[in-house]
Amino acid sequence: MVQQLPARVGDELSEVDTPALIVDLDAYERNLGLMASIIGDSGKALRPHAKTHKSPVIALDQMALGAVGICCQKLSEAEILWQGGVRDILIANEVVGEQKQRRLAKLARSMRLTVCVDDIENLRSLNQAAEEADSIVSVLVEIDVGGGRCGVTPNLAGSLAAAAADSPALRFAGIQAYHGSAQHLRSVQERQSAVAKAANLAEAAKADIEARGLVCQTVTGGGTGTLLQDIEYPIWTELQCGSYIFMDADYGRNRDTRGTPYALFENSLFVLSSVMSVAHSGKAVLDAGLKALAFDSGPPTVVDRSDFIYSGPSDEHGTLTIPAHEKLALGDRVRLIPGHCDPTVNLYDWFVGVRNDRVERIWPVSARGALS
């Protein structure tokens, strides 16, 4: 099937076929610049998370502003980023299984590739794959710092790090200490408490590793939601912020120190939708439903219209409840802020970059569907 472009460079926004994934280029560039400035002042390194955008184009934009490399969640994402020119990638996840580890080891021959481990048997099979491929794979020991997902307890970090250091085809590089659920704690106090606990656990793991005479060069973690807390702790040497380039409605529910919405970064990602039916009073049906938006973090919001409420999504439809005095016509365009940017991006083939309501850039979501 030929992928149909939703627009052409030079088109007016009103000419873009919908539903479409729109990037406000001015806001996007401001987000990039602000993060570069904050990280530069902090003395830490930035390794942005590509699971947000799944795009080598954006990864290279981030690295042009000082990011030391990129991280991703899946081996197939790393392969696509490599094809797009990225040469320093952390797979911030475990890679399990003979077939995947062979692919990983082969990829490591042509770039600096790092992967997480939290199991000794997985470490051994990874080393075997790297030996057979004649490559060197860098390894981070993943620590559970509060997410309750992957990662060992700090007291087990030293033994796993020592095993990595003793493996001929592996290079022990440090610790993965990422607390994903902390990014969406609503109050500053909750986020501060979660980060403090994560920092203490990472410190304990580092101490256990260094007690064995090993150097723990990298401690990586952190994210967009906890950025202002993460930079206050010396333990993290690099931060994995990803959503900052786009933001979403769920991040808009976080609060800052004044109790107002967390707005350090701007919404730059939108789903452009069209009104396809006004058959019922007080409602407008849009052409963006479950196949156009991710709903795991709630429904989208409507740009600049808090009184327009999106509800009742089905495969191809979404319903807006609108005030009785408001009228929308067939074909009217509505910009939606997705509830969760990462999985929404994964639903599209193309980004449509817009400036001053005119299409300026179109680039593919290259790693869309890269799940392996």
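The following exercises, with worked solutions, concern a predicted model.

**Exercise 1.** Determine which strands stand at the edges of the sheet.

*Solution.* Step 1: Write down the strand order. The open sheet is formed by eight strands in the order 2-9-8-7-6-5-4-3, with parallel pairing. Step 2: Look for strands that have a single partner. Strand 2 (45-46) and strand 3 (70-72) each have a single partner strand, so they stand at the edges and one side of each is left without a neighbour in the sheet.

**Exercise 2.** Describe how strand 4 is joined to strand 5, and state which residue is the bridge partner of Leu-90.

*Solution.* Step 1: Strand 4 comprises residues 88-94 and strand 5 residues 112-117; the two run parallel and are joined by five bridges. Step 2: Within strand 5, Thr-114 is the bridge partner of Leu-90. Step 3: Consider what packs on the sheet here. Helix 3 (residues 75-83) touches strand 3 and strand 4, and its direction makes about 170° with that of strand 4.

**Exercise 3.** Classify the arrangement of helix 3 and helix 4, and describe the residues of their contact.

*Solution.* Step 1: The axes of helix 3 and helix 4 (residues 98-107) cross at roughly 25° and come within 10 Å. Step 2: Angles under 35 degrees count as roughly parallel, and the two helices are therefore roughly parallel to each other. Step 3: The crossing of helix 3 past helix 4 is left-handed. Step 4: Helix 3 contributes Leu-75, Ser-76, Ala-78, Glu-79 and Trp-82 to the contact, while helix 4 contributes Lys-100, Arg-103, Leu-104 and Leu-107. Step 5: Sorted by character, these residues comprise five nonpolar, one polar and three charged.

Definitions and conventions. Residues are numbered from 1 along each chain as its sequence is written. This is a predicted model: local features need pLDDT of at least 70, side-chain atom pairs count only at pLDDT 80 or more; totals for chains, interfaces and linings use all residues. Side-chain values use heavy atoms; hydrogens and water are left out. Two strands pair if DSSP finds at least two bridges between them. Helices (H or I, at least four residues) and strands (E, at least two) are DSSP runs, numbered from the N terminus. Contact means heavy atoms within 4.5 Å. Axes are lines fitted to C-alpha atoms, for helices over the stretch in contact, and angles run from 0 to 180 degrees between N-to-C directions. Angles under 35 degrees count as roughly parallel, over 145 as roughly antiparallel, 65 to 115 as roughly perpendicular and the rest as oblique. A crossing is left-handed if the near helix is turned anticlockwise from the far one by less than a right angle, and right-handed if clockwise. Ala, Val, Leu, Ile, Met, Phe, Trp, Tyr, Cys and Pro count as nonpolar, Asp, Glu, Lys and Arg as charged, and the others, Gly among them, as polar.
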